[in-house]
Amino acid sequence: AGFAEGPEWASLERLHLQGNMLSELPEAFAFGLPRLRDLALDGNRLERLVGIPPTLENLVAHDNEPLREVQSLSELSRLRELRLDRCSLLVHLPELPASLEAIHLEGCMGIPRCELRALLTQARLV
């Protein structure tokens, strides 16, 4: 069995994987965790943030220095908080979900200010 496969993972609501030097998430990650609400991936080496479970309410992925790509977040209809601080290589954010209440992007100097303003306005955060 691979990561997050089996009945013991089905009821998991919180998963903290910070500081594990992860460079990617397993392919079946989103499907193996049907009740996951909180995911902490900070302090890893992720280059892409894809395969995120649609049930998330809080996504913490700050301090992933090589992070360059984030999947579409508009389908995460329950996401309330997103933390991507100090992901300095990130140059673009996809559309944000309407459910978002807080976003943390301190130190994300690669994202153009005009794009940030448009995204925050669209998500009603300004």
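A salt bridge here is a side-chain nitrogen of Lys or Arg within 4 Å of a carboxyl oxygen of Asp or Glu, and a search of the whole structure finds eight of them. The model is predicted, so local features need pLDDT of at least 70 and side-chain atom pairs count only at pLDDT 80 or more, while totals for chains, interfaces and linings use all residues. Residues are numbered from 1 along each chain as its sequence is written, and side-chain values use heavy atoms, with hydrogens and water left out.

**Figure 1. The salt bridge between arginine 35 and glutamate 13.** Welcome to the first close-up. The side chains of these two residues, arginine 35 and glutamate 13, come together with an N to O distance of 3.2 Å. The pair links distant parts of the chain, 22 residues apart: arginine 35 sits in the loop between H2 and strand E2 (38-40), and glutamate 13 in the loop between helix H1 (7-10) and E1. Helices (H or I, at least four residues) and strands (E, at least two) are DSSP runs, numbered from the N terminus. Arginine 35 counts as partly exposed at 47% relative accessibility, and glutamate 13 is partly exposed too, at 26%. For these labels, buried means under 20% relative accessible area, exposed over 50%, and partly exposed in between (1.4 Å probe, protein chains only).

**Figure 2. The salt bridge between glutamate 57 and arginine 80.** In this pair, the closest N and O atoms are 3.6 Å apart. Glutamate 57 lies in the loop between E3 and E4 and arginine 80 in the loop between E5 and E6, so the salt bridge ties together parts that are 23 residues apart in sequence. Arginine 80 has a relative accessibility of 35%, so it counts as partly exposed.

**Figure 3. Glutamate 81 with arginine 83, and a network of shared partners.** The side chains of glutamate 81 and arginine 83 meet in a salt bridge at 3.9 Å, N to O. Both ends are partly exposed: glutamate 81 has a relative accessible area of 26%, and arginine 83 has 24%. Elsewhere, salt bridges that share partners join Glu13, Arg35 and Arg37 into one network.

**Figure 4. Helix H3 (residues 113-122) and its buried residues.** Which residues of H3 are buried? They are Glu115, Leu116, Leu119 and Leu120. Seen down the helix axis, these buried residues fall within an arc of 125 degrees, so they line one face of H3; the arc is that of the directions from the helix axis to the C-beta atoms. An α-helix has 3.6 residues a turn, so residues three or four places apart point the same way. On the other side of H3, Arg113, Cys114 and Arg117 are exposed. The buried residues of H3 pack against strand E7 (102-104), where contact means heavy atoms within 4.5 Å. After the helix comes arginine 124, whose phi is positive, near 60 degrees.

**Figure 5. Leucines in the largest nonpolar core.** A nonpolar core is a set of buried Ala, Val, Leu, Ile, Met, Phe, Trp, Tyr and Cys residues joined through side-chain atoms within 4.5 Å. The largest one has 33 residues, and the members touching the most others are Leu39, Leu41, Leu49, Leu59, Leu82, Leu84 and Leu93. H3 supplies the largest share of this core, three residues. Zooming in on leucine 41 and leaving aside its neighbours within four places in sequence, its contacts include Leu17, Leu22, Leu25, Leu46, Leu49, Leu59 and Asn64.

**Figure 6. Valine 50 and glutamine 71, two loop residues in contact.** Valine 50 lies in the loop between strand E3 (48-49) and strand E4 (58-60). The place of glutamine 71 is the loop between strand E5 (69-70) and strand E6 (81-83). Valine 50 is partly exposed at 25% relative accessibility, whereas glutamine 71 is buried at 17%. Not counting residues up to four places away in sequence, valine 50 touches Leu25, Glu69 and Gln71. With the corresponding neighbours left aside, glutamine 71 is in contact with Leu49, Val50, Gly51, Ile52, Leu76 and Pro94.

**Figure 7. Positive phi at methionine 21 and aspartate 63.** Most residues other than glycine have a negative phi. Methionine 21 has a positive phi, near 60 degrees, and is found in the loop between strand E1 (14-16) and helix H2 (29-32). Is methionine 21 buried or exposed? Its relative accessible area is 56%, so methionine 21 is exposed. Aspartate 63 likewise has a positive phi near 60 degrees; it belongs to the loop between E4 and E5 and counts as partly exposed at 30% relative accessibility.
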